[in-house]
Amino acid sequence: MRYPVFPVGAFFAALLVLIPLPAHWRSRNVATVSIIFWLFIMDIIDGVNTIVWDSNVTRHLFVWCDITTKLTIGASVALPAATMCVCRNLELVASGRVARLTHHDKRRKMLFDLGMCFGLPALIMVLHYIVQGHRFDILEFVGCLPATYYSIPAVFIIWFPPLLLSVLTSIYAALALHHFFRQRLTFAMQLKNSNSALSTGRYLRLVAMSILQIVWQTSLTALTMYDNISPGLRPWTNWADVHSDFGRVDTIPLGVYPVSYQRQFFLFLWVMPVSSFIFFVFFGFGEEAIKDYKNAVRWIRREVLRQKVDEPRSPLEGSFLKSPRPTLNPVSFSSYDAKDDCTLPAYSPSSTTDRTLAGFEKEKFGIGEKITTMPLDMSSSSDHEYSRPRHNYASSSFSSIASSPQIYISDAYPPPSPPAPVVSLPVPAYHRPFSPPTVCPLSPSDPPPSDALRVTVLTRTEVEHMV
C-alpha cells in the first residue's frame, strides 16, 4: 500500500467519534448525534475506498459506489445543517425567549432537527440526479466519486445549500455568544431553569466546535466550487443531452493531474477524519465522557477479568459519614425562681375533671435512683393554694412547690431508667401556643394602646432608568 497512513487514520477517526455518542444519546441531542453519524459513515467510506482502489482504477463494487457516492452528496449538506441546528438550539436556550422547554417544544425541536439533518440531505441526494451526467467516477487512491454535470443548476443544487447553511450557522453562533456574554453571571441558572440538558461547559464547547467546523468545511467547499466552475460552466440544454450514456463509469489515474491537483485531492481526503478529530477533542474529554470511560473500565474488570469492583459512591455519600457521639456535660438546675423566668412553660392540654401538678421529693437524687411523683390534690385548699391564673400564670403555678429540685444529666449510654416524669401544667383557656403576634397598622393621629409596641418602618423607592 502506497499511503497506509490514510486508511489507518480514517478508521481511527471513526472509532474516536463514537466515544462521545452515549452522552449525547442520553441527552436526546439529535443534531450532535447526526454529526457523529455522518462523520462515522464518511470515515468508513473513505477508509474502505483507499484500501480497495490503492494504486488501481479497477471497475468493481458498483453497488457500493452507487450508495457511497449518494451518501457523499448527502453528507456535504448534512454536516452544515446539523451544525446549524446545534447553534440554533443554543441560541434559543440562551436567549430566554422560551422560559422553560416543555415536552411539546422538545418534540417540535426534535422533528425540525431530524428534517434538517436527514430529510434535507435525502432531498439533495434525489435532486443530484438532475445534474448527474453519468453513473460515477473512480479515481486512483481515492475511490468512488460522484459525477456532476457542472452547470448553473449544479451550483444551486450541490454548492449553494452548504454555503447558505454555513452563513446561517455563523449568525446563530454569533447570537449565542452574544447572549452568553450579556448574562454570563446568571447563565448557569438560566440553563438549569430552561429544562435542558446543557451545562455552561457543554454550551461553550458546542459553540466553539460549530464555529471551527463551519470555518474548516466552508473553506474547502468554496475551494471545490471555485476549482470546478472556474474553467467554465456547461449549458444545461435538456434532459436527454445531460443524461446521455448514463451508465458510463469513468476511471481516472491520479497521474493525469498536475501535482497541485494531486495534493488538493489528498487534502480533501483528510476533511472527514480531521473533522472527527476536532469533534473528539471538544467532547472526548468532557465530564460526561470521563464518567463513561470509568464505567467501561469498571464493566471490563467485573465482566471480563472477573474482578471484584466496588460500586461508585454517590457525591453526597461522603457528606454523611458517621460522626462520633457528642459528649453531654452534666447540667444542674438549682435555685430555680419562676419570677425570673419570662418564658412560657411547655404546652400540654389539661383535663377539665382532674387538674394535677406533679412535683418532686425534697431530697436530691442522682443517676439510677428512684424518682417519685407527688400528685397535688387541687380539691383541697387547706394543703395547697391554687387558683386559675389569668395573666401571670407562670409564677403562680410554681408557688406551691416548696423546694427546687436538682437534675443531673450524664453522658452515660444507655440513658438511665426510669425516664424523667412529665410535668403537667395548667394552661389558661385563652392561651394559643405558637400563635404569631398581632400587628395592627396605626395612623400617626391614632393613640397607641397602653400594652402595645410601636414600630416605625421607613421605606424608600429607587427608580433605575435604563438608557
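So, how many helices and strands does the protein have? It has 13 helices and five strands, where helices (H or I, at least four residues) and strands (E, at least two) are DSSP runs numbered from the N terminus.

Quick housekeeping. This is a predicted model, where local features need pLDDT of at least 70, side-chain atom pairs count only at pLDDT 80 or more, and totals for chains, interfaces and linings use all residues. Residues are numbered from 1 along each chain as its sequence is written, and side-chain values use heavy atoms, with hydrogens and water left out.

Okay, the inside. Of the 467 residues, 32% count as buried, meaning under 20% relative accessible area with a 1.4 Å probe, protein chains only.

Now the largest nonpolar core, that is, a set of buried Ala, Val, Leu, Ile, Met, Phe, Trp, Tyr and Cys residues joined through side-chain atoms within 4.5 Å. There are 43 residues in this core, and Ile35, Leu39, Leu90, Tyr203, Met209 and Phe279 touch the most other members. Several helices each supply at least two residues, including H3 (30-52), H6 (152-182) and H11. H4 gives the most, with 12 residues.

Let's look at Leu39. Skipping neighbours within four places in sequence, Leu39 is in contact (heavy atoms within 4.5 Å) with Val17, Leu79, Met272, Ser275, Ser276 and Phe279. There's also a second, separate core of seven residues, with Phe6, Phe141, Leu254 and Leu269 among them.

Last stop: where do H10 and H11 meet? Leu267, Phe268 and Leu269 in H10 meet Val271, Met272 and Pro273 in H11. That's it from me!

Methods:
Buried means under 20% relative accessible area, exposed over 50%, partly exposed in between (1.4 Å probe, protein chains only).
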